[in-house]
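Biologist: Got a minute to go through this one with me? I'd like to start with how the helices pack.

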Amino acid sequence: GHTRAMLECLKGQGHIWATDVDPEESAKTKKRLEDLGFGEDLLTVRLQNFCTIDEIAKEVGGFDFILADLGVSSMQIDNPKRGFSFKVDGPLDLRLNQEPGISAAERLDTITREELAGMLYENSEELAKAITDEIRRGSRIDTTTKLRRVIEDTLDFLPEKEKKETVKKTCQRVFQALRIDVNQEFEVLYEFMEKLPGALKPGGRAAILTFHSGEDKLVKAALKEGCRAGIYSSYSKDVVRPTAEECVRNPRARSTKMRWAVRAEE
């Protein structure tokens with residue numbers, strides 16, 4: 001969606017380089033945009049992690065604008081076989097690229113209670129114990145439904161009136177924590193933020209969309225430090241949030257926070 005909007009703004013001038021680690025959605029997006037008339041003269045799609053921005057910038061001579069849209073896409077969330085949603089049954093995978101690395105189910109096979117507790121939020125000790133005990137008993141948690149059921153059972157002590165909402169929020173946080181771990185998302189974001197200034201041309205602008213507090217804190221700290229060091233001439237001290245109208249049109253935008261920065265002129 002963002003790429004299409006930016007391509008329309010270019011009005012046939014300039015070029016966009018788009019990166020994604022998901023081979024399935026990357027190919028679908030390229031075809032959709034090609035069908036809309038945005039061919040290779042305007043758009044280059046690379047199957048690369050966005051933390052390799054320095055490689056592409058070196059190749060093309062830097063960028064006037066960089067948008068980093070973090071997190072998962074609606075297409076991934078809505079596909080049961082990817083395992084991103086606890087609302088439908090599917091394999092507990094959670095990888096943005098299903099080819100390399102290990103799935104969330106495989107990660108849980110060997111994770112320690114202490115490691116898991118460190119990844120989680122409220123009820124972390126109880127949840128970590130319940131999940132690891134289930135696996136140690138020989139009951140592998142390899143589907144989204146199995147993980148949700150363990151969470152529901154762990155929170156069964158709650159009063160009925162607050163149980164449903166707490167289970168929902170806890171599922172969201174547990175799935176998110178596993179996804180972040182499996183895809184090494186904090187490590188990748190940290191690397192991207194380090195490379196970002198060098199990928200921008202003097203006066204170039206960057207915008208980063210985050211979807212949870214951990215990401216936002218990392219981005220905010222990097223932009224603030226960059227401005228203090230004179231790398232950026234200005235940055236967003238206040239976060240930019242979607243309007244109420246935007247959230248009505250797209251409920252998944254509710255948790256989005258945007259921060260921006262301008263590369264200093266040399």
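Modeller: Sure. One term before that: an axis here is a line fitted to C-alpha atoms, for helices over the stretch in contact, and angles run from 0 to 180 degrees between N-to-C directions. Bear in mind that this is a predicted model.

Biologist: OK, at what angle do the axes of helix 8 and helix 9 cross?

Modeller: Roughly 130°, and the axes come within 10 Å. Helix 8 covers residues 144-154 and helix 9 covers 160-182. Oblique takes in angles that are not under 35, over 145 or from 65 to 115 degrees, so helix 8 is oblique to helix 9.

Biologist: Is the crossing left-handed or right-handed?

Modeller: Helix 8 passes helix 9 in a right-handed crossing.

Biologist: And which residues make the contact?

Modeller: Helix 8 brings Thr144, Leu147, Arg148, Ile151 and Glu152. From helix 9 you get Lys163, Val167, Thr170, Cys171, Val174, Phe175 and Leu178. By class, that contact has seven nonpolar, two polar and three charged residues.

Biologist: Switching to the sheet: what's the strand order?

Modeller: It's an open sheet of four strands, ordered 3-4-6-5, with mixed pairing. Strand 3 (63-69) and strand 5 (232-235) are the edges, each pairing on one side only.

Biologist: How do strand 4 and strand 6 pair, parallel or antiparallel?

Modeller: Antiparallel, over six bridges. Ala207 stands opposite Trp260 in strand 6.

Biologist: Which strands does helix 10 lie across?

Modeller: Strands 3, 4, 5 and 6, with helix 10 (residues 185-199) running at about 150° to strand 4. Helix 11 (residues 213-228) lies across strands 4, 5 and 6, at about 140° to strand 5.

Technical notes. Residues are numbered from 1 along each chain as its sequence is written. This is a predicted model: local features need pLDDT of at least 70, side-chain atom pairs count only at pLDDT 80 or more; totals for chains, interfaces and linings use all residues. Side-chain values use heavy atoms; hydrogens and water are left out. Helices (H or I, at least four residues) and strands (E, at least two) are DSSP runs, numbered from the N terminus. A crossing is left-handed if the near helix is turned anticlockwise from the far one by less than a right angle, and right-handed if clockwise. Contact means heavy atoms within 4.5 Å. Ala, Val, Leu, Ile, Met, Phe, Trp, Tyr, Cys and Pro count as nonpolar, Asp, Glu, Lys and Arg as charged, and the others, Gly among them, as polar. Two strands pair if DSSP finds at least two bridges between them.
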